[in-house]
Amino acid sequence: MRRTIILASALVLAALWAGPAAAQKVYINPSNQSWNPVSGGGSEADYALIVANRVETILDNSGFDSRVDQDFDNSPATANSWGADIFVSIHSNAGGGHGTETLYKSTGGQVLAQNLPDGLLSSLPYQSRGLKNRTDLHVLNRTNMFAALVESVFHDCTSTSGRQGHPPSESAFLRSAEGQGLIAEGIAAGVCDYYGVTCSDGDPPPPQKGKYIGIVYRKPDTQDRIIGATVTLNNGASTTTSGTGYFEIEVDA
């Protein structure tokens, strides 16, 4: 007699086999400096958070495990506890200058710091101010993993500047949706380059495949197998148990 079995833990011993190893953990720390005004409106913290959230989306779609945290005081300890692989702090600069620069402390942080402006300058029409070693920054001193702080543009710059033609003022660029997107894409590209991978174009990665496997048996004897039973998952996928009561169904992991 043919039997149909809807999966239930009482009847099935099953396991899901998934594919890849754990994703690299990227901790993204946007500036919390709401007291720093951006020329034309808003604050450094406002735009840093917008950019950070876009970076998170790009990295997650590229297979990373990323997290955004704007808590300046506690973010290093939280990142340490989470087991982050790298720490990226996102800021914008002030003081009358032009261009992008990246700050680091350790030798490993310097490698990360080099990738970030390389990614940014592939998207931004501004010049590089290079890398700067800093030993006095909380987010670089208190993190256990390699860390870098990006100063994307000068948010008090209202004049045209840069090496490629005549781009808009850096503050206007930061306030624009296009500029925010390009800054985010550049930072994400730097992280991807650091790990030797290519960032996604924004579409989620294809789902990983796994197998739901198990046996169907008459309780309580696991050796009393049911042969030819139809096993159906909640998603509608089904199969028939083999001569040993075994089944497997491919699923998205």
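The paragraphs below go through a predicted model of one chain, from its overall figures to its sheet, its helices and two loop residues.

The chain has 253 residues, of which 43% count as buried. Its secondary structure consists of six helices and twelve strands. The mean pLDDT is 83, and 83% of the residues reach 70 or more. Residues 1–21 fall below 50 in pLDDT; in the model this stretch nevertheless has 57 contacts beyond near neighbours in sequence. Among the contacts in the chain with a separation of 6 or more, 74% are between residues 24 or more positions apart. The accessible surface comes to about 12200 Å², and carbon and sulfur atoms contribute 49% of that area.

A good place to start is the sheet. Six strands form an open sheet in the order 4-3-5-8-6-7, and their pairing is mixed. Its edges are strand 4 (65–68) and strand 7, each of which pairs on one side only. From one strand to the next the twist averages 20°.

Strand 8 (146–154) stands between strand 5 and strand 6 in that order. Strand 5 and strand 8 pair in the parallel sense, over seven bridges. Along this pairing, F87 is opposite A147, and I90 is opposite V150. Strand 6 and strand 8 pair in the antiparallel sense instead, over four bridges. Here Y104 stands opposite A148 of strand 8. How much of strand 8 is buried? Eight of its nine residues are buried, so strand 8 is largely enclosed by the rest of the structure. In a regular strand, side chains alternate between the two faces of the sheet.

Helices lie against this sheet. Helix 1 (residues 44–61) lies across strand 3 (25–30), strand 4 and strand 5, and runs at about 165° to strand 4. Helix 6 also packs on the sheet, where it touches strand 3, strand 5 and strand 8; its direction makes about 150° with that of strand 5.

Helix 6 covers residues 177–194. Its 18 residues should span 26 Å at 1.5 Å a residue, and the end C-alpha atoms are 26 Å apart, so the expected and modelled lengths agree. The buried residues of helix 6 include G179, G181, I183, A184, I187, A188 and V191. An α-helix has 3.6 residues a turn, so residues three or four places apart point the same way. In helix 6 the buried positions include such pairs as A184 and A188, or I187 and V191. What do the buried residues of helix 6 pack against? Their partners are strand 3, strand 5 and strand 8, together with helix 1, helix 3 and helix 5. Just after helix 6, G196 takes a positive phi of about 70°.

Helix 3 (residues 107–121) can be checked in the same manner. Its 15 residues should span 21 Å at 1.5 Å a residue; the end C-alpha atoms lie 22 Å apart, which agrees. Buried residues of helix 3 include G108, L112, A113, L116, P117, L120 and L121. These buried positions include L112 and L116, and likewise L116 and L120. The buried residues of helix 3 pack against strand 5 (86–93), strand 6 (100–104), strand 7 (128–133), strand 8 and helix 6. Helix 3 and helix 6 are therefore packing partners, with helix 3 also listed among the elements that the buried residues of helix 6 pack against.

Two loop residues complete the picture. S169 is in the loop between strand 8 and helix 5 (170–175). Is S169 buried or exposed? Its relative accessible area is 10%, which is under the 20% cut-off, so S169 counts as buried. Leaving aside residues up to four places away in sequence, S169 touches Y126, C157, T158 and S159. One of these, C157, is twelve residues from S169 along the chain, and their C-alpha atoms are separated by 5.9 Å.

G42 lies in the loop between strand 3 and helix 1. Its relative accessible area is 38%, and because this falls between the cut-offs of 20% and 50%, G42 counts as partly exposed. G42 touches N36, P37 and Y47, again not counting residues up to four places away in sequence. The C-alpha atoms of G42 and R175 are separated by 8.0 Å, although the two residues are 133 positions apart along the chain.

How values were computed: Residues numbered from 1 in each chain as written. Predicted model: local features only at pLDDT ≥ 70, side-chain atom pairs only at ≥ 80, totals over all residues. Heavy atoms only, no water. Expected span 1.5 Å × (residues − 1). Buried < 20%, exposed > 50% of the residue type's maximum accessible area, 1.4 Å probe, protein only. Contact = heavy atoms within 4.5 Å. Pairing = 2+ DSSP bridges. Axes fitted to C-alpha atoms, helices over the stretch in contact; angles between N-to-C directions. pLDDT = per-residue confidence, 0-100. Areas by Shrake-Rupley, 256 points an atom, 1.4 Å probe, with all protein chains shown as cover.
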